[in-house]
Amino acid sequence: MPSLMSHAVLPLLLRATRANRPFRTERGARQRLAERTTRPEAYGPPRLLRRDVRIDVERVGGWPVYTVRPRSGEPRGGVVYAHGGGWYAEIARQHWELTAQVAAQAGVAVTVPIYPLVPYGTAAQVVPAFADLVLRSEQRWGTTALAGDSAGGQIALSTAILLRDRDARTFPRTPLIAPALDLSLSNPEIDTVQPHDPWLGRDGTRVFIDLWRARLPLDDPLVSPLAADLTGLGPISLYAGTHDILWPDAKLLIARAREAGVEVDYHEQEGLVHVYPLTPTPEGRAARASIVSTLARHIEGPGRISTP
C-alpha cells in the first residue's frame with residue numbers, strides 16, 4: 001500500500017502548485033515555453049550536494065557536459081544520464097541528487113549532458129549526440145550504461161536503439177524512470193489513467209512533442225522507441241507508477257521486450273505518480289537504492305563499490 005506521502009500529500013501538492021499547467025492544455029504549454037525561452041533556467045549542480053563526489057564540466061559539441069564521480073578511488077565504469085522535463089525544462093535538483101548518489105554508491109562516473117531543449121533542440125539532433133557521448137564514456141571510463149527519466153527516458157532508450165543499429169552495441173543495463181515511449185500518446189488506456197494523474201496530460205504535452213520531433217514522424221525510433229524492434233537490446237530496468245499517463249505504454253514495452261527476448265526488471269507501484277523514484281517519499285528512496293544497486297551489479301570494473 002502506498003505511503004501517506006505518496007498517496008495523498010504529494011498529489012495534493014502537485015495540484016496545489018499547478019504542476020500540470022504546462023501539460024494539460026495547449027495554451028498552458030505555450031505559455032510555459034515562452035516563459036522558459038525568455039528566461040532560461042539555471043542548469044548547474046546545487047552548491048550543497050554530496051561531499052563524496054566531485055563534479056567537472058567541459059564543452060562537448062557545444063553542450064555543457066558534466067561528470068559526477070566518486071571523490072576517492074577510480075570509477076569502475078560509466079553511466080550516461082538523460083534528465084527529464086518534457087523536452088522543455090532544465091535539469092532539476094532531484095536529477096543532480098540521483099546522479100550524485102549513483103556516482104558515490106555505485107562507484108561510477110556519471111555523464112550528465114545539458115542538451116538543447118525545445119524549441120531549439122530536436123530528437124534528430126540530440127539522440128545521435130547522446131550516442132557519441134556513450135562512446136566517449138566507454139573510452140574514458142570503460143563499461144557504460146544508459147539511464148534516464150520521463151523525456152530523458154525516451155532519449156536514453158532511443159539512444160540504446162540507435163547504438164544497437166549503428167554500432168551493434170548493447171548495454172549492461174538501462175534503468176528507465178517513467179519513460180515516454182510512444183509520442184503519439186494514442187494508447188486508449190491513457191483515457192482511463194488521466195483522471196488519476198495529477199501531473200501530466202495529453203494536450204500540452206503534444207505541443208512539446210511536435211517541437212521535439214520536428215520533421216520526424218511519430219513512429220521514428222528516435223522519437224518513439226516503442227515503435228522499434230526491441231530484439232537485441234540489453235537488459236532494461238523500468239520504474240513506473242500507475243497514476244501516470246505514461247504507465248500504459250510502459251506495460252506495452254515490458255510485454256514487447258520480453259517477447260523479443262530482452263531481460264526486463266519491472267518495478268510497478270500502485271497509485272504512485274509520474275517519476276516516483278525522484279520524489280521525497282519512502283517509495284522514492286527505495287527505488288533510488290534499487291537503481292544504484294542494479295547499476296553496481298551490472299557495470300563491471302576494477303573500482304570499489306560502496307554500500308548504499
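Which residue in β2 does Ile-55 stand opposite? Ile-55 faces Val-68. Keep in mind that this is a predicted model, and let's start from that pair and work outwards.

**The β1–β2 end of the sheet**

A little further along, Val-57 has Tyr-66 as its bridge partner in β2. Those pairs belong to a ladder of 8 bridges between β1 and β2 (residues 63–70), two strands that run antiparallel. The link between β1 and β2 is a hairpin with 2 residues between the strands. In that turn sits Gly-61, with a positive phi of about 60 degrees.

Now zoom out to the whole sheet. It is an open one with 8 strands and mixed pairing, and the order reads β1-β2-β4-β3-β5-β6-β7-β8. The edges are β1 (53–60) and β8 (264–273), each pairing on one side only. From one strand to the next, the twist averages 20 degrees.

Thr-67 is worth a stop while we're in β2. Is Thr-67 buried or exposed? Thr-67 counts as buried because its relative accessibility is 6%, and the cut-off for that label is under 20%. Leaving out residues up to four places away in sequence, Thr-67 touches Arg-54, Ile-55, Asp-56, Glu-58, Ala-109, Val-110 and Trp-141.

**Helices on the sheet**

Helix α4 (residues 93–106) lies across β1, β2, β3 (78–82), β4 (109–113), β5 (144–149) and β6 (174–177). Relative to β2, α4 runs at about 45 degrees. Helix α5 (residues 123–141) also packs on the sheet, touching β1, β2, β3, β4 and β5. The direction of α5 makes about 160 degrees with that of β3.

**Helix against helix**

Two helix pairs are set out here, with angles and axis distances together.

| Helix pair | Angle between axes | Axis distance |
|---|---|---|
| α3 (residues 26–38) and α8 | roughly 50 degrees | within 6 Å |
| α5 and α6 (residues 151–167) | about 70 degrees | 9 Å |

Take α3 and α8 to begin with: at roughly 50 degrees, α3 is therefore oblique to α8. Their crossing is right-handed. On the α3 side, Glu-26, Ala-29, Arg-30 and Leu-33 make the contact, and on the α8 side it is Asp-203, Gly-204, Val-207, Phe-208 and Leu-211. By class, the contact of α3 with α8 has 5 nonpolar, 1 polar and 3 charged residues.

As for α5 and α6, their angle of about 70 degrees makes α5 roughly perpendicular to α6. The α5 side of this contact includes Val-126, Val-127, Phe-130 and Leu-135, while Ile-155, Leu-162, Leu-163 and Arg-166 are among the α6 residues that meet them. The contact of α5 with α6 divides into 10 nonpolar, 3 polar and 3 charged residues.

**A proline in a loop**

Back to α8, or rather the loop that leads up to it. Where is Pro-198? Pro-198 lies in the loop between α7 (190–193) and α8 (202–213). This loop residue counts as buried because its relative accessibility is 1%.

What does Pro-198 touch, leaving aside residues up to four places away in sequence? The list is Pro-11, Leu-14, Arg-15, Asn-20, Arg-24, His-243 and Val-273. Asp-244 is 46 residues away from Pro-198 along the chain, and the C-alpha atoms of Pro-198 and Asp-244 are separated by 8.2 Å.

Notes: Residues numbered from 1 in each chain as written. Predicted model: local features only at pLDDT ≥ 70, side-chain atom pairs only at ≥ 80, totals over all residues. Heavy atoms only, no water. Helix = DSSP H or I, 4+ residues; strand = E, 2+ residues; numbered from the N terminus. Buried < 20%, exposed > 50% of the residue type's maximum accessible area, 1.4 Å probe, protein only. Contact = heavy atoms within 4.5 Å. Pairing = 2+ DSSP bridges. Axes fitted to C-alpha atoms, helices over the stretch in contact; angles between N-to-C directions. Parallel < 35°, antiparallel > 145°, perpendicular 65-115°, else oblique. Left-handed = near helix turned anticlockwise from the far one by under 90°. Nonpolar A, V, L, I, M, F, W, Y, C, P; charged D, E, K, R; others polar.
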